[in-house]
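Trainee: Could we go through this one together, with me asking and you reasoning aloud?
Mentor: Gladly, let's look at it side by side.

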Amino acid sequence: MNARNIQIFHDTALRLLRRGALRNLSKMLIKAHAADVAQVIRMLVSERDKQQLFTLLQETKAKAAVLQVLDVPNALLLLEGVDPKHVVEMFREMPPDVVTDIVGHLSEEKSEDLLKLMEPQ
């Protein structure tokens, strides 16, 4: 999307979040490209809005695709409070170098917990 369309997407997403029209926002997110969703997340000011928008992504693959193109600080923010098993599911959909970068910025305890869950059974 060009800058104007990204701004429209951002403004619409923010308006829908504020109105509580989460079903409409969820439908809009399904149709959007991961890079565009990531751009809108970067533009949002409120951490709560960023997390809520990310939560509205229904599929694990969609969440993983967004995490792949986000900067590490925003990716870490979005992963806060997410069930570690779900984080591992997302990581399995991502390139190893991106996962390594994200895990490398987590606390030692949290990264060890995630790595244990990622080990083959």
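Mentor: One definition before we start: buried means under 20% relative accessible area, exposed means over 50%, and partly exposed is in between. Keep in mind, too, that this is a predicted model.

Trainee: Thanks! With those cut-offs, is Arg 18 buried or exposed?
Mentor: Arg 18 sits in helix H1. Its relative accessible area is 55%, and the cut-off for exposed is over 50%. Arg 18 is therefore exposed.

Trainee: How many salt bridges are there in the whole structure?
Mentor: The criterion is a side-chain nitrogen of Lys or Arg within 4 Å of a carboxyl oxygen of Asp or Glu. Searching the whole structure on that basis, the number of salt bridges found is two.

Trainee: Which residue forms a salt bridge with Arg 18?
Mentor: The closest N and O atoms of that pair are 2.9 Å apart. The pair links distant parts of the chain, from helix H1 (residues 3–19) to helix H4 (residues 47–56), with the two positions 31 residues apart. The C-alpha atoms of the pair are separated by 9.0 Å. The partner of Arg 18 is Asp 49.

Trainee: And is that partner, Asp 49, buried or exposed?
Mentor: Asp 49 has a relative accessible area of 2%, and buried means under 20%. So Asp 49, unlike the exposed Arg 18, is buried.

Trainee: What about Asp 71: with which residue does it form a salt bridge?
Mentor: Here the closest N and O atoms are 3.6 Å apart. Asp 71 lies in the loop between H5 and H6 and its partner in helix H3 (residues 34–43), so the pair ties together parts that are 29 residues apart in sequence. Asp 71 is partly exposed at 29% relative accessible area, and its partner also counts as partly exposed, at 32%. That partner is Arg 42.

Trainee: Staying with H3, what covers its buried residues?
Mentor: The buried residues in H3 are Asp 36, Val 37, Ala 38, Val 40 and Ile 41. Their cover includes H1, helix H2 (22–31), H4, H5 and H6.

Trainee: Which residues does Asn 74 touch, not counting those up to four places away in sequence?
Mentor: Asn 74 lies in helix H6 (residues 72–79) and is buried, with a relative accessible area of 10%. Its C-alpha atom is 8.9 Å from that of Glu 47, a residue 27 places away along the chain. The residues Asn 74 touches are Arg 42 and Lys 50.

Trainee: Lys 63 has no salt bridge, I see; how far away is the nearest side chain of opposite charge?
Mentor: Lys 63 is in helix H5 (residues 60–69), and it is buried. Leaving aside neighbours within four places in sequence, Lys 63 is in contact with Phe 54, Thr 55, Leu 57, His 86 and Met 90. The nearest side chain of opposite charge belongs to Glu 89, at a distance of 8.7 Å.

Trainee: Last one: which residues gather in the patch of negative charge on the surface?
Mentor: Take Glu 112, which is in helix H9 (residues 108–118). Patch members need over 30% relative accessible area and no salt bridge, and Glu 112, at 39%, counts as partly exposed. The patch is made up of Glu 108, Glu 109, Glu 112 and Asp 113.

How values were computed:
Residues are numbered from 1 along each chain as its sequence is written. This is a predicted model: local features need pLDDT of at least 70, side-chain atom pairs count only at pLDDT 80 or more; totals for chains, interfaces and linings use all residues. Side-chain values use heavy atoms; hydrogens and water are left out. Patches are made of residues with over 30% relative accessible area and no salt bridge: like charges are joined within 9 Å, nonpolar side chains (Val, Leu, Ile, Met, Phe, Trp, Tyr) within 5 Å. Accessible areas come from the Shrake-Rupley method with a 1.4 Å probe; for residues, only the protein chains shown count as cover. Lys and Arg count as positive and Asp and Glu as negative; His and the chain ends are not counted. The place of a charge is taken as NZ of Lys, CZ of Arg, CG of Asp or CD of Glu. Helices (H or I, at least four residues) and strands (E, at least two) are DSSP runs, numbered from the N terminus. Buried means under 20% relative accessible area, exposed over 50%, partly exposed in between (1.4 Å probe, protein chains only). Contact means heavy atoms within 4.5 Å.
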